[in-house]
2 protein chains.
Amino acid sequence: MAVRVATNRVVALAARPAGFPSESDFELVEQAAPEAGPGEVLVRVLWTSVDPYQRGRMSEARSYAKPVQLGEVMTAQAVGEVLESGDSRFGAGDLVVGQLGWQELAVARAGTLRRVPAALDPPTLALHAVGATGFTAYFGLLDVCEPKPGDTVVVSGAAGAVGQVVGQIAKLMGCRTVGIAGGPDKRADLLGLYGYDAAIDYKNDDLRARLKEECADGVDVYFDNCGGDISAGVHTRLNVGARIAICGQISQYNAERPQPSFHPGLLIVFRARMQGFLVSDYAARFDEAAARLARWVAEGEIRWREHVTEGLEHAPRAFIGMLNGENRGKALVKVADR
Amino acid sequence: MAVRVATNRVVALAARPAGFPSESDFELVEQAAPEAGPGEVLVRVLWTSVDPYQRGRMSEARSYAKPVQLGEVMTAQAVGEVLESGDSRFGAGDLVVGQLGWQELAVARAGTLRRVPAALDPPTLALHAVGATGFTAYFGLLDVCEPKPGDTVVVSGAAGAVGQVVGQIAKLMGCRTVGIAGGPDKRADLLGLYGYDAAIDYKNDDLRARLKEECADGVDVYFDNCGGDISAGVHTRLNVGARIAICGQISQYNAERPQPSFHPGLLIVFRARMQGFLVSDYAARFDEAAARLARWVAEGEIRWREHVTEGLEHAPRAFIGMLNGENRGKALVKVADR
């Protein structure tokens with residue numbers, strides 16, 4: 001018997017943030033509960049996600065995806081339980097992950113959802129190490145950067161949801177890993193939990209001096225989540241043939257007028273390659289990534305930490321805190337008990 | 001019987017240019033004629049070359065090659081005739097090409113020289129279309145940019161020694177070619193001599209408006225010789241999956257403090273790749289490039305023009321004129337009759 005819920009609570013975009021977002025840029029709205037049509041699935045959201053890319057969707061600047069419209073529910077990856085399915089691939093009670101948003105109830109096309117395997121424990125791994133951020137690390141490192149054993153791999157935003165997985169995969173590939181993150185807690189996690197060979201706290205260390213110490217043989221791979229001054233420091237240490245993956249530029253997302261920060265001529269000096277990528281372009285290979293990542297997690301080769309905020313209504317605060325670097329581990333919002 | 005010449009005239013670097021070079025940064029010096037030791041070859045230079053990369057060698061800024069020292073002969077590709085050979089691979093009378101410099105007589109290690117085939121007519125082609133600039137175009141376009149039939153290929157510095165060959169190879173690969181150069185003469189050469197599908201005169205046209213017209217379906221490949229504002233304009237038209245080869249950044253070479261001009265985040269939006277390269281890294285494949293380029297030239301598929309300055313003592317003027325864009329065709333200096 002289908003569960004019917006009369007209303008849906010959603011967190012919608014109320015205003016386009018000017019610079020750094022504030023909670024008043026969002027509003028909690030009660031709506032009529034949605035219904036699933038043919039080929040659609042109605043999902044009760046259990047956990048929803050806050051991630052840096054969402055800042056881009058709040059802006060009207062030209063990008064790779066359409067912006068969220070004012071009054072529209074914020075887009076987000078989420079894990080939930082199927083309530084009703086208009087598609088034979090899913091049935092009530094299945095756990096699924098997809099772009100379900102900051103809301104209690106979501107309707108999605110069945111083809112946009114992935115099943116969360118029962119063996120995945122906790123299922124929230126489908127929102128990070130065995131989900132979109134893990135896939136981002138996997139394809140960005142292995143496909144874009146082509147790491148070789150012995151390479152020095154530097155990761156900015158190294159304690160973030162993507163960066164922590166990048167460092168651990170790079171170690172599995174036989175690389176030396178140097179992580180950059182802000183603050184002593186994150187630095188401790190880089191060295192302890194995530195197994196980086198070296199960690200630099202850009203808020204308290206002399207970044208360039210530390211890079212020189214820790215990358216004495218230069219940088220072969222730079223996995224860049226941050227951009228800005230941190231990246232400018234790393235660029236001075238590149239080796240000939242270096243590969244740079246541009247995954248994110250979180251230092252620039254809240255700038256009203258981002259400043260160009262890079263001299264393309266540097267790529268000639270180092271015969272280096274800089275490549276941007278989007279995990280969505282690798283959708284055809286998500287099963288491959290999920291299988292390998294799930295095995296590495298199960299074997300303890302990839303370790304993780306979650307930073308959970310309780311209550312859908314606090315998603316904006318969780319998002320802003322994540323942008324401020326207040327989270328320790330993958331920032332998630334718990335929306336409902338299973 | 002070996003020819004013996006008592007003195008050698010060389011053009012040496014007298015001062016490091018501050019910004020745009022002037023003739024007083026160079027000096028003509030008479031030296032004792034050099035002699036070839038074992039494994040070395042003494043060459044009488046016939047034609048020497050002026051190229052944008054030489055500006056980099058005049059500076060002490062960190063780069064891919066050591067700077068020319070003050071008082072040292074300017075480095076340059078040159079074609080000459082062997083006078084004496086201490087190596088069995090070459091004999092007196094052979095025409096050779098190598099990094100022989102701005103001078104009348106040069107001694108080089110035999111392994112650094114390439115023979116100029118007798119069939120290459122004129123032999124100065126070994127200094128451009130079938131030499132270093134042609135190889136630069138060949139590997140930079142085919143290996144770095146991976147052009148596909150139907151791609152729109154934009155080239156900055158399109159009338160330069162590298163750019164003119166890039167456009168013609170791209171046409172041979174089935175691409176649509178859009179060349180950017182400065183002034184009506186160069187624009188006319190792009191459309192007439194070098195066979196570009198479209199030409200933009202950045203000095204007189206509205207660059208961005210013209211790019212929009214000529215790249216209505218976006219830019220798949222950008223072969224960048226210039227950097228700066230021209231490149232910033234092209235970057236706004238990139239297609240998803242675009243490939244950008246950074247060959248040179250001539251707009252920046254004379255800036256006292258080059259300004260960063262690029263947002264790496266743009267590469268995410270377009271899932272684009274930007275790669276620097278040096279032709280010297282492809283030395284193992286120069287024979288392949290020379291054979292294909294020579295055939296294309298012989299068949300009239302690759303056309304060329306030379307801009308010859310007579311007299312070694314005018315090499316600095318020829319170099320400065322080339323930086324100013326005054327040459328029409330490959331800038332060369334004729335040092336001696338054969």
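**Notebook: strands, helices and the A–B contact**

I started with β11(B), which is mostly covered: 6 of its 6 residues are buried. I kept in mind throughout that this is a predicted model.

**Entry 1: the neighbours of β11(B).** Next I looked up what pairs with this strand. I found β8(B) running parallel to β11(B), with 3 bridges between them. To place that pairing, I noted that B:Val153 stands opposite B:Val221 of β11(B). I then turned to β12(B), residues 238-246, and found that β11(B) pairs with β12(B) over 5 bridges, again in the parallel sense. Here I wrote down B:Val219, whose bridge partner in β12(B) is B:Leu238.

**Entry 2: helix α3(B).** I moved on to α3(B), residues 161-172, and checked its span. Its 12 residues reach 18 Å from the first C-alpha to the last, close to the 16 Å expected at 1.5 Å a residue. How many residues of α3(B) are buried? I got 10 of 12, so to speak a mostly covered helix. I listed the buried residues, among them B:Ala161, B:Val162, B:Gln164, B:Gln168 and B:Ile169. Then I asked myself what covers the buried residues of α3(B). The cover includes the helix α2 and the strands β8, β9, β11 and β15 of chain B. That brought me back to β11(B), my starting point, as part of this cover. Past the helix I stopped at B:Gly174, which follows α3(B) and has a positive phi, near 85°.

**Entry 3: two helices of chain A.** I switched chains to see how α2(A), residues 132-145, meets α8(A), residues 286-298. Their axes come within 10 Å and cross at roughly 100°. Angles of 65 to 115 degrees count as roughly perpendicular, so α2(A) is roughly perpendicular to α8(A). I picked out the residues that make the contact: A:Gly134, A:Phe135, A:Tyr138 and A:Phe139 from α2(A), with A:Phe286, A:Ala289 and A:Leu293 from α8(A). By class I have 6 nonpolar, 1 polar and no charged residues in this contact.

**Entry 4: where the chains meet.** Last, I looked at the contact of the two chains, which takes 27 residues from chain A and 27 residues from chain B. Which elements of chain A give two or more residues to the side that touches chain B? I found α7 (265-269) and β13 (273-276). I sorted that side of chain A into 14 nonpolar, 9 polar and 4 charged residues. I followed β13(A) across and found 3 bridges joining it to β13(B), residues 273-276, with the strands antiparallel. My final jotting is that A:Arg273 stands opposite B:Gln275 in β13(B).

Terms used: Residues are numbered from 1 along each chain as its sequence is written. Chains are lettered from A and ligands numbered from 1 in the order in which they are written. This is a predicted model: local features need pLDDT of at least 70, side-chain atom pairs count only at pLDDT 80 or more; totals for chains, interfaces and linings use all residues. Axes are lines fitted to C-alpha atoms, for helices over the stretch in contact, and angles run from 0 to 180 degrees between N-to-C directions. Helices (H or I, at least four residues) and strands (E, at least two) are DSSP runs, numbered from the N terminus. Angles under 35 degrees count as roughly parallel, over 145 as roughly antiparallel, 65 to 115 as roughly perpendicular and the rest as oblique. Two residues are in contact if their C-beta atoms, placed from the backbone, lie within 7 Å. Ala, Val, Leu, Ile, Met, Phe, Trp, Tyr, Cys and Pro count as nonpolar, Asp, Glu, Lys and Arg as charged, and the others, Gly among them, as polar. The expected span of a helix is 1.5 Å times one less than its number of residues. A residue is buried if 20 or more other C-beta atoms lie within 10 Å of its own, exposed if 12 or fewer, and partly exposed in between; C-beta atoms are placed from the backbone. Two strands pair if DSSP finds at least two bridges between them.
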